[in-house]
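Here is a friendly walk through one model, looking at its enclosed space and at how some of its helices pack. Have the structure open as you read.

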Amino acid sequence: MEKLFQLKKNGTSVRTELIAGLTTFMTMAYIIALNPNLLTNFGAGDGSAPVPKLWNAVFLATCIASAIGMFVMAFVANKPFAMAPGMGLNSFFAVVVGNIVGLTGMTYVESFQAALCIILIEGVIFLVLSVLNIRDKIVKAIPLGIRMGIAPAIGMMLLNIGLGSNAGIMGFTGGQCGNESATFYVMRDFFGALTPSAAANNMASAGASYETMVLTVVTMFVGLFIILILDHKKVKGSVLIGMLSASVVYWAGEAIFLGVNPFASLADASFVPPFQDMAETTLFKFNFKGFIEMGWVTVISLVITFCIIDMFDTIGTLVGTASRAGMVDKQGNMPKMKEALLADAVGTVAGAVTGTSTVTTFVESASGVEAGGRTGLTALTTGILFLACMFIAPVAALIPAAATSAALIYVGILMLGGLKNVDFKDMSQLVPVAIMLIAMPISGSIGHAIGLGLIVYTVMKVFTGKAKEVSVLTYVISLLFLVKFFLVA
């Protein structure tokens, strides 16, 4: 272990790395079930016929492609960052599949296979750019002030997720391919409701009970305060202990106050991976004929869109999380950035081959870093757990969203501390960072927020007579984002 991951050099231990990997896994395990739900329209496909085999295939692809990306991150880059199909990118992919159905008249599965061609091309492009070190140069082209502001902006995004939809009640009934039952947002439906009756009405309209909402909020804050207290006492694994404690509170609340058996889903759960379904629907099933039928203009615009969003989502997550962990130098550069970006590219290609949308570095990696993860052993641990979920997904699904929210809120608060590195006297730093701080949680996209920050930075430099301070590559990136925002759907 020491020879592989240089644990002593990075000031960590096997135990710390394993706990960090488990912590990261618990904060992002939701993607294992949510990704196939989103990509298959919750199992309904295009509405004409259900696609349970496709759901099963995407479920397996999510576990396998994520693990492959994390293994590359572990052994090649030796970084603690976890990977999975990116949120936002998967929703966009599902929209693209639906549009292909309408455009070509193909079935949902055939359209899905055509859309996988886009992911394959994107992954190959990133592989080439990573090997040629072009992606690393793009990272270094981002002005230092903006790079210093990425971590706090991600912190705001984590706070939004933790206090927003992730802590909400998202139920999927009817088995693996069931329908979404309800979602509520803590800051809107509970604290924003002013009175219990108003909150109850909000909850009723969402299809869930007021008691469930209260249990969710209590669980979230119990987990958060346990984490804060244990962290103050320098207890190792405080994030993981807080999440597990919060889970116990939620399970007890379900049993005592709601009369629900929190482990009932295990009774009919299947622990046999559906490999046959993946082999029939997505494994190397590229529909190039349907891909070409979309038209070259559409194809090129889609590939560009996926590339831009994925590139800057990954860059933002890596830079922001590495900054928080002290893994960057004075210029804000992270050692082995090229290798980390290569892991992202390999994961994306693996996703295309197995049957899922773009695989990218997950912002939830920050929870593992906060738990002490500093090397690839953290990523390896998370990757192994993802593979294990092919067999134990029903068990992983028992962790309530409210428990993971506690960890996300805690990490988000800590990441806001990165604002101290921003020069508030320099408006060319302050304004772009301020834009990112609000754009990232609202848009839900790290890449889009960085793009807005770069555009604002470039415009300010040009109109203040400091155009020469902006690198050529920064001009090019800003222009590409302008094209993306205004000309590419």
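How much space lies in the largest cavity? About 30 Å³. Please keep in mind that this is a predicted model. The count comes to 1 cavity of 30 Å³ or more.

**Around the cavity**

If you would like to find this space on screen, select D136, V139, K140, V319, G332, N333, M334 and M337, which line the largest cavity. Helix α7, spanning residues 134-141, gives the largest share of that lining, with 3 residues. Sorted by class, the lining holds 4 nonpolar, 2 polar and 2 charged residues.

Two of these lining residues, V319 and M337, turn up again in a helix contact: V319 belongs to α15 and M337 to α16. That makes this pair a good place to go next.

**Three helix pairs**

The table sets out the geometry of three packed pairs.

| Helix pair | Angle between axes | Axis separation |
|---|---|---|
| α15 (residues 296-324) and α16 (residues 337-354) | about 135 degrees | 11 Å apart |
| α5 (residues 89-104) and α6 (residues 108-131) | roughly 125 degrees | within 9 Å |
| α12 (residues 238-257) and α19 (residues 401-415) | roughly 145 degrees | within 8 Å |

Start with α15 and α16, whose axes make an angle of about 135 degrees. Because of that angle, α15 is oblique to α16. The crossing of these two helices is right-handed. On the α15 side, D310, T314, I315, L318 and V319 take part, and they meet M337, A340, L341, D344 and T348 of α16. By class, this contact has 6 nonpolar, 2 polar and 2 charged residues.

Next come α5 and α6, with axes that cross at roughly 125 degrees. These helices are therefore oblique to each other, and their crossing is right-handed. From α5, the residues in contact are F93, A94, V96, V97, I100, V101 and T104, while α6 brings Y108, S111, F112, A114, A115, L116, I118 and I119. Which classes make up the contact of α5 with α6? There are 13 nonpolar and 2 polar residues, with no charged residues.

The last pair is α12 and α19, whose axes come within 8 Å. Here, too, you will find a right-handed crossing, as α12 passes α19. The contact joins V239, M243, A246 and S247 of α12 to A403, T404, A407 and Y410 of α19. By class, it is made of 6 nonpolar and 2 polar residues, and no charged residues.

**Looking back**

To return to the cavity, look for α7, the source of 3 lining residues, and for V319 and M337, both part of the lining. V319 and M337 also sit in the contact between α15 and α16.

Terms used. Residues are numbered from 1 along each chain as its sequence is written. This is a predicted model: local features need pLDDT of at least 70, side-chain atom pairs count only at pLDDT 80 or more; totals for chains, interfaces and linings use all residues. Side-chain values use heavy atoms; hydrogens and water are left out. On a 1 Å grid over the protein atoms alone, a cavity is a set of points where a 1.4 Å probe fits but cannot get out, and a pocket is an open set with protein on both sides within 12 Å along at least five of seven lines; lining residues have an atom within 4 Å of a point. Grid points are joined across faces, edges and corners, and a volume is the space filled by probe spheres set on the points. Helices (H or I, at least four residues) and strands (E, at least two) are DSSP runs, numbered from the N terminus. Ala, Val, Leu, Ile, Met, Phe, Trp, Tyr, Cys and Pro count as nonpolar, Asp, Glu, Lys and Arg as charged, and the others, Gly among them, as polar. Axes are lines fitted to C-alpha atoms, for helices over the stretch in contact, and angles run from 0 to 180 degrees between N-to-C directions. Angles under 35 degrees count as roughly parallel, over 145 as roughly antiparallel, 65 to 115 as roughly perpendicular and the rest as oblique. A crossing is left-handed if the near helix is turned anticlockwise from the far one by less than a right angle, and right-handed if clockwise. Contact means heavy atoms within 4.5 Å.
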